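Thanks for making the time this morning. I would like to walk through one model with you, going element by element, and I will give the cut-offs as the terms come up.

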Amino acid sequence: CLPIKAFVAHVEWLEAKGEIDWIFIPSYVSVGMDQHGRKTYQCPYVQSIVQFAKPAIRTPLLNPIINWEWHPDDESRQMQGLARALGVSSRTAKIAWQVAAEKERQFRNELRQIGNGVIERLKAGEIERAFVVTGKDYNIFDPLLNSGAVAMLEHMGETVITQDMIT
């Protein structure tokens, strides 16, 4: 699996730099329901990604396991618990989580606004077509893993959006 190979290489690179205290590698198992009400799971490689890193490095790993089937707020609980384990107060951890969650919500809304704008431009005839790139985020946003496909399309003057922009 190319993304796992790239991940292990990245972790080895981090350790080789020698300037880190921990490496943060969350394990996502279940991430709730999709827009159609179906349970969603990460692939087994992503669920167990920390197991690929452990043999390659000596740096301590921070590895919260996140499974929304255990509890709908499992991600929040795990991240706040990790912060407390690192010496951050409960109050500060909770506020930090709330700020981060709001920033992510804003980011997701901005992505959808971009996608809606492209769809409106298509409807109005301002652009002839748009390419929707689908796939796992770690593939579609990494030019080494996707062979620069997005950049090639944009260089050819094409409009490119991702699945996150239209869901």
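**Strands 7 and 8**

Let me begin with strand 8, residues 159-162, from which Thr159 and Ile161 point one way while Val160 and Thr162 point the other way, and all of them are buried. Buried here means under 20% relative accessible area, exposed means over 50%, and partly exposed is what lies in between, with a 1.4 Å probe and protein chains only. Helices (H or I, at least four residues) and strands (E, at least two) are DSSP runs, numbered from the N terminus. Before going further, I should say that this is a predicted model, in which local features need pLDDT of at least 70 and side-chain atom pairs count only at pLDDT 80 or more, whereas totals for chains, interfaces and linings use all residues. Residues are numbered from 1 along each chain as its sequence is written, and side-chain values use heavy atoms, with hydrogens and water left out.

Strand 8 pairs with strand 7, residues 130-133, in the parallel sense over four bridges, where two strands are said to pair if DSSP finds at least two bridges between them. Within that pairing, Val133 of the one stands opposite Thr162 in strand 8.

**The nonpolar cores**

Which residues make up the largest nonpolar core? There are ten in all, namely Ile4, Phe7, Val8, Val11, Ile23, Ile25, Ile49, Val50, Ala53 and Ile57. A nonpolar core is a set of buried Ala, Val, Leu, Ile, Met, Phe, Trp, Tyr and Cys residues joined through side-chain atoms within 4.5 Å. The elements that give two or more residues to this core are helix 1 and helix 3 (49-53), and helix 1 gives the most, with four residues. There is also a second, separate core of five residues, which includes Leu111, Val118, Ile127 and Met165.

Returning to Ile57, and not counting residues up to four places away in sequence, Ile57 touches Val11, Glu12, Glu15 and Ile23, a contact being a pair of heavy atoms within 4.5 Å.

Glu15 deserves a moment of its own, and its place is in helix 1, residues 2-17. Leaving aside neighbours within four places in sequence, Glu15 is in contact with Ile20, Ala56, Ile57, Arg58 and Thr59. Glu15 is buried yet has no salt bridge, and the nearest side chain of opposite charge, Arg58, is 4.4 Å away. For charge, Lys and Arg count as positive and Asp and Glu as negative, while His and the chain ends are not counted. A salt bridge is a side-chain nitrogen of Lys or Arg within 4 Å of a carboxyl oxygen of Asp or Glu.

**Salt bridges along helix 5**

How many salt bridges does this rule give? The count comes to seven, and I will take three of them from helix 5.

In one, Glu102 bridges to Arg105, with the closest N and O atoms 2.5 Å apart. These two are three residues apart in helix 5 (residues 90-123), so about one helical turn separates them. Glu102 is partly exposed, at a relative accessible area of 32%, and Arg105 is partly exposed too, at 43%.

In another, the side chains of Glu104 and Arg108 meet at 3.5 Å, N to O; being four residues apart in helix 5, they are again separated by about one helical turn. Glu104 is partly exposed at 43%, as is Arg108 at 28%, and this pair is linked with Asp164 in a network of salt bridges.

The third is between Glu120 and Lys123, at 3.9 Å, N to O, and both lie in helix 5, three residues apart, about one turn of the helix. Glu120 is partly exposed at 48%, whereas Lys123 counts as exposed at 64% relative accessibility. The C-alpha atoms of Lys123 and Pro55, 68 residues apart along the chain, are separated by 52 Å.

**Helix 4**

To finish, in helix 4 the residues Asp74, Glu75, Ser76, Met79, Gln80, Leu82 and Ala83 are buried. What covers them includes strand 1 (23-24), strand 2 (27-28), strand 5 (61-62), strand 6 (65-66) and helix 5. Just after helix 4, Gly87 takes a positive phi of about 95°.
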